[in-house]
Amino acid sequence: MTAVRAEALTRTFSTSAGEVHACVDIDIAADPGELVVIRGASGAGKTTLLNLLGGLDRPTSGRVWIGGTEATALDEDALALLRREQLGFVFQSFGLIPVLSASENVELPLRIARVAAAERDARVAEALALVGLADHAAQRPGELSGGQQQRVGIARAIVARPRVLIADEPTGQLDSRTAATVMDLIGDLVHSQGIAAVVSTHDPLLVQRADRVVELHDGRVA
């Protein structure tokens, strides 16, 4: 079954200067174990598209399915539950809580989901090992490099074993060598864990690691 699918997805914003068509009639899908890269210049609609696919925003028209569930038909409570159980998010700004250790940051989604302590510990250890940070569990974000912080962010995104990973410019704050390492990590996790990933970037070097590329231009698939 397709992990995430959108049909005729459109998002229009009203501004003082008129309507802005951030996404226009987009069809897109990603299967389990597939890394789909969304490419386009700044303002092309990449972030809006990812927010729509991840249920962080609602489309003006069109529909989104996560697995067999139509996310766009859910109320806010059901949509929040779907995001928590089936979606993982990686952000350009890392999004870690400075006063928490790496393991505590990774553990947060499981605490919110009220997963039992023993299972939380096992899943956190597994996720940190998958991203190569098993020896850094006790360190706080300020004690880690940018690449290590982003790997903590990836561990947090996968710790709940999501169906879909959504990553918005995950290497935007990293140097080119570290960015390539992080993208390799995402690709390895997608293929080894059977996660579908939709990742936005404008870096042509990172596009080479994709299973499929979707080019956006002015909110449309080019």
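Mentor: A nonpolar core is a set of buried Ala, Val, Leu, Ile, Met, Phe, Trp, Tyr and Cys residues joined through side-chain atoms within 4.5 Å. Keep in mind that this is a predicted model.

Trainee: How many residues does the largest nonpolar core have?

Mentor: V106, I154, L165 and I186 are the members with the most contacts inside this core. Helices and strands both give two or more residues to the core, including α3 (102-112), α5 (146-158), β7 (164-168) and β8 (196-201). The size of the largest core is 37 residues.

Trainee: Which element gives the largest share of this core?

Mentor: The candidates are the elements with two or more residues in the core, among them β3 (35-39), α4 (117-130), α6 (176-193) and α7 (204-207). The largest share is 7 residues, and the element that gives them is α6.

Trainee: Which residues does V106 touch, not counting those up to four places away in sequence?

Mentor: V106 is one of the residues with the most contacts inside the largest core. Leaving out residues up to four places away in sequence, V106 touches V124, A127, L128, V152, A155, R156 and V159.

Trainee: Where is the largest pocket lined, and which element gives the most to the lining?

Mentor: The pocket holds about 370 Å³ of space. Of its 13 lining residues, the closest to the centre are L87, F89, P109, I112 and R156. At least two lining residues each come from α2 (76-86), β6 (87-91), α3 and α5. With 4 residues, the element that gives the most is β6.

Trainee: How many residues of that lining are nonpolar?

Mentor: Pro counts as nonpolar here, and Arg counts as charged. The lining includes 2 polar and 3 charged residues. The nonpolar residues number 8.

Trainee: Which strands are the edge strands of the open sheet?

Mentor: The sheet has 4 strands in the order β2-β1-β4-β5, with antiparallel pairing. An edge strand here pairs on one side only. The edge strands are β2 (18-30) and β5 (69-70).

Trainee: Over how many bridges do β1 and β2 pair?

Mentor: These two strands form a hairpin with 2 residues between them. T15 has G18 in β2 as its bridge partner. The pairing of β1 and β2 is antiparallel, and its bridges number 9.

Trainee: Which residue in β4 stands opposite E7?

Mentor: Strand β1 covers residues 4-15 and strand β4 covers residues 61-66. They pair in the antiparallel sense over 5 bridges. Opposite E7 in β4 stands R63.

Methods: Residues are numbered from 1 along each chain as its sequence is written. This is a predicted model: local features need pLDDT of at least 70, side-chain atom pairs count only at pLDDT 80 or more; totals for chains, interfaces and linings use all residues. Side-chain values use heavy atoms; hydrogens and water are left out. Buried means under 20% relative accessible area, exposed over 50%, partly exposed in between (1.4 Å probe, protein chains only). Contact means heavy atoms within 4.5 Å. On a 1 Å grid over the protein atoms alone, a cavity is a set of points where a 1.4 Å probe fits but cannot get out, and a pocket is an open set with protein on both sides within 12 Å along at least five of seven lines; lining residues have an atom within 4 Å of a point. Grid points are joined across faces, edges and corners, and a volume is the space filled by probe spheres set on the points. Two strands pair if DSSP finds at least two bridges between them.
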